[in-house]
Amino acid sequence: PNGRPNSDVVRPVVSAIDLVQKPRGMWTIDFALMEEKEACLYEVPFEYVKKIVFPIRSHNRRASYAKKWWIYAEARPGLRAALVKKKRFIATPRISKHRIFVWLTGNVLANDGTIVIAREDDYFFGVLHSRPHELWALRLGTALEDRPRYTPTTTFETYPFPWPPGKEDQNDPLVQAIAEAARELVEK
């Protein structure tokens, strides 16, 4: 009825498991920030969510989950706005024995088991994958049992980047060297 394809709201979804093991190829229905009257125009996906999700979410103790039962978890408008024009973004498992960062394409929805970094440049990817950043994250992050947890407030936000985010000069030879090393890492 809205003249738009269901592919608008059916998206690939990844969790930390997909980042550290073989991807499972999972998909989800994501109405993003739509109100119910707009979401219901995607008839088949909406009916599926109404049948499967509504019975559980309508009784959720979190008022926002019960009230907006068709919304995928938390809507995260700030994150969605930061990713809207990105062709790719960086993701890392929230909890993992080994700290890795991966590129995800802009159409992928990362669930709450992942940390999303709204950057698409190789320099930034290279710095995050560096040994100094890994050691920083292990030292300043927290842990769940014996598994390190990447805690953005104590690891990412406090990390002394060689050039602070937004202040790096893409023409600087050192920035270019870091970016090239990151591109080679991804290729290999």
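A pocket, as the word is used here, is an open set of grid points where a 1.4 Å probe fits, with protein on both sides within 12 Å along at least five of seven lines. Rolling a probe the size of a water molecule over the atoms shows where empty space is left. The model is a predicted one, and its largest pocket holds about 880 Å³ of space. Its lining takes in 39 residues, and R76, L79, R80, L83 and L109 are the ones closest to the centre. Three elements, α6, β5 and β6 (114-117), give two or more residues each to this lining. Helix α6 comes out on top, with five residues in the lining of the largest pocket. As for chemistry, the lining of the largest pocket is made up of 25 nonpolar, three polar and eleven charged residues.

R80 is worth a closer look. Its home is helix α6, which covers residues 77-83, and R80 is also among the residues closest to the centre of the largest pocket. The R80 side chain gets to within 2.6 Å of a backbone oxygen, the one belonging to A75. Leaving aside residues up to four places away in sequence, R80 touches R11, D30, A32, L33, A75 and L109. One of these contacts, L109, turns up again beside R80 in the group closest to the centre of the largest pocket.

L109 also leads into the sheet, as V13 stands opposite L109 in β5. The sheet itself is open and has three strands, ordered β2-β1-β5, with mixed pairing. Strands β2 (27-29) and β5 (109-110) sit at the edges with a single partner strand each, so one side of each has no neighbour in the sheet. Between β1 (residues 10-14) and β2 the pairing is antiparallel and runs over three bridges. Along this pair, V10 stands opposite I29, while P12 faces W27. On the β5 side, β1 runs parallel to its partner and is joined to it by two bridges. Strand β1 is largely enclosed by the rest of the structure, because four of its five residues are buried. The cut-off behind that word is a relative accessible area under 20%.

Strand β2 brings in the second largest pocket, since β2, α3 (43-52) and α4 each supply at least two residues of its lining. About 280 Å³ of space lies in this second largest pocket. Its lining counts 13 residues, and T28, I29, V53, R57 and Y72 lie nearest the centre. I29, one of that group, is the residue of β2 that stands opposite V10. The largest share of the lining of the second largest pocket comes from α3, with three residues. By class, the lining of the second largest pocket has eleven nonpolar residues, plus one polar and one charged.

Helix α4, one of the elements that supply the lining of the second largest pocket, spans residues 54-57 and includes I56. Is I56 buried or exposed? I56 counts as exposed because its relative accessible area is 62%, and the cut-off for exposed is over 50%. I56 and W69 lie 13 residues apart in sequence, with 8.6 Å between their C-alpha atoms.

Conventions
Residues are numbered from 1 along each chain as its sequence is written. This is a predicted model: local features need pLDDT of at least 70, side-chain atom pairs count only at pLDDT 80 or more; totals for chains, interfaces and linings use all residues. Side-chain values use heavy atoms; hydrogens and water are left out. A polar contact is a pair of N or O atoms within 3.5 Å; within protein, one must be able to donate a hydrogen and the other to accept it, and residues adjacent in sequence count only if both atoms are side-chain atoms. Contact means heavy atoms within 4.5 Å. Buried means under 20% relative accessible area, exposed over 50%, partly exposed in between (1.4 Å probe, protein chains only). Two strands pair if DSSP finds at least two bridges between them. On a 1 Å grid over the protein atoms alone, a cavity is a set of points where a 1.4 Å probe fits but cannot get out, and a pocket is an open set with protein on both sides within 12 Å along at least five of seven lines; lining residues have an atom within 4 Å of a point. Grid points are joined across faces, edges and corners, and a volume is the space filled by probe spheres set on the points. Ala, Val, Leu, Ile, Met, Phe, Trp, Tyr, Cys and Pro count as nonpolar, Asp, Glu, Lys and Arg as charged, and the others, Gly among them, as polar.
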